[in-house]
Amino acid sequence: MRKIKCTWIDGITETYPVIEWDKGKITAVTHSQASGDLIGMPALIDVHTHGFRGFSSEAPAEDLRRLAQAYAQRGIGGFCATIGPRPFSRYLEIIAEYRKAFSTPYPGARFLGLHLEGPYLNPAKAGAIDPVTMQKIDLTELEAFLKQSAGCVKIMTIAPELPDAEAAIRLLNQYGVIASAGHTAAEYAQCERAAEVGLTQITHTFNAMRSLHHRDPGLIASALIDPRLDCEMISDGYHLQLPVMKLLTLTKGPDHILCVSDSGADSGYAYPEGTVLSDGCVIRGGAMVQPDGVLAGSTCDLSDALKTLVRKMEIPLPQAVRMLSLNAARNLKLNNWGTLKPGNSCGWSFYTHDLEWVETIVDEQSCLLSER
């Protein structure tokens, strides 16, 4: 049995509980009038990440378990592993590795399902993705895949302007998959029609999509003003400059922002500015930039994003917690994620009052401490 006193941020306010738990379950919660030495919050959730600290989201099962531990050692308690476009047969092979990795208890962040970034994307907005890997929509093939993947896929990024995209979005909804617009040249009206049939999310908003123009608003205008759409926000301060992050946050509100890393295997390291990685990418402001100037992901994680939101954007901690954890938990239907009720599972991230990560606790299998 363990006990900890902290300043708890629940997404609405802060309280000062003493939490007791045993074997991954909360046994008692009492409250005091004084703040604790640590700040506690629902464990962070990253719904757009291609890997972290040397491990790819396309790794064999053994390395996927190591990936889960690496996430937890930076405050991330749950993740949707993100895979770029490829044939559905290859997706099924990857799914088999995830089922092998996470079908039994393991230490680390909870695997929450896959985010397929493709294969139905617009090559004109490929970004760092090889356009050759993108496919035309085949509804029969898609439905067969959704049946075979048996709920492992939680999010699919799709370009709403592609032929049959609206039918594909309906099909994704039917099988419980969140449809997210990305790598797209969609016009405003096309995005609105997609929202009418079940589009609910925008992938790395502003990046790899038609730019906002006052006479050609495009998908971004729809993303900003349509309350049905939640927006991913890469929160390193480079993919979106701080004024744009503020614009997005103020326009959508903290209940409709999903802070994501868009990280990869080279992420999670404190590279000096200008470092050239093995693939030729250069580190610029925490982002990985290809020699041609195309952005290829971020080196920053959600604990870094926490500091950016609170220190640079002056967002109150409860709102930041919604953007970093609770909104994703809501969309993924993770009821009671990080709530302090006796009998609930543990799922917490702890920080110092300077927002330095200390500990992540997820279920009975995970209690990962920083070295200090």
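Author: Let's start with some sorting: Ala, Val, Leu, Ile, Met, Phe, Trp, Tyr, Cys and Pro count as nonpolar, Asp, Glu, Lys and Arg as charged, and the others, Gly among them, as polar. One more thing before we dig in: this is a predicted model.

Reader: OK, what makes the lining of the largest cavity divide the way it does?

Author: Start with who is there: Ile234, Ser235, Asp236, Val260, Ser261, Ser298, Cys300, Asp301, Leu302 and Ala305. Ile, Val, Cys, Leu and Ala count as nonpolar, Asp as charged, and Ser falls among the others, so it is polar. That gives five nonpolar, three polar and two charged residues.

Reader: How many cavities of 30 Å³ or more does a search of the whole structure find?

Author: One. The largest cavity comes to about 40 Å³.

Reader: Then why is the space of about 710 Å³ called a pocket?

Author: The word goes with being open: a probe in a cavity cannot get out, whereas a pocket is an open set of points, so the two get separate names. The largest pocket is lined by 34 residues, and the closest to its centre are His50, Ala128, Ile129, Asp262 and Ala296. Strand β18 (residues 295–298) gives the largest share of that lining, three residues. By type, the pocket lining holds 11 nonpolar, 16 polar and seven charged residues.

Reader: How do you know that α2 and α3 are roughly parallel?

Author: Check the angle between them: about 10 degrees, with the axes 11 Å apart. Angles under 35 degrees count as roughly parallel, and therefore α2 and α3 earn that label. In the contact, Phe88, Tyr91, Leu92, Ile95 and Arg99 of α2 meet Glu141, Leu142, Phe145, Gln148 and Ser149 of α3. Those residues split into six nonpolar, two polar and two charged.

Reader: What makes β6 and β15 edge strands?

Author: Each of them pairs on one side only. The open sheet runs β6-β9-β10-β11-β12-β13-β14-β15, with parallel pairing, and its twist averages 25 degrees from one strand to the next.

Reader: How do you know that β9 and β10 pair?

Author: Count the bridges: β9 (residues 76–83) and β10 (residues 110–117) share six, in the parallel sense. Pairing takes at least two bridges, so these strands qualify.

Reader: And what is the direction of helix α8 relative to β6?

Author: Helix α8 (residues 302–312) runs at about 110 degrees to β6. The range 65 to 115 counts as roughly perpendicular, so that is the word for α8 and β6. Helix α8 also lies across β9, β14 and β15.

Methods
Residues are numbered from 1 along each chain as its sequence is written. This is a predicted model: local features need pLDDT of at least 70, side-chain atom pairs count only at pLDDT 80 or more; totals for chains, interfaces and linings use all residues. Side-chain values use heavy atoms; hydrogens and water are left out. On a 1 Å grid over the protein atoms alone, a cavity is a set of points where a 1.4 Å probe fits but cannot get out, and a pocket is an open set with protein on both sides within 12 Å along at least five of seven lines; lining residues have an atom within 4 Å of a point. Helices (H or I, at least four residues) and strands (E, at least two) are DSSP runs, numbered from the N terminus. Axes are lines fitted to C-alpha atoms, for helices over the stretch in contact, and angles run from 0 to 180 degrees between N-to-C directions. Angles under 35 degrees count as roughly parallel, over 145 as roughly antiparallel, 65 to 115 as roughly perpendicular and the rest as oblique. Contact means heavy atoms within 4.5 Å. Grid points are joined across faces, edges and corners, and a volume is the space filled by probe spheres set on the points.
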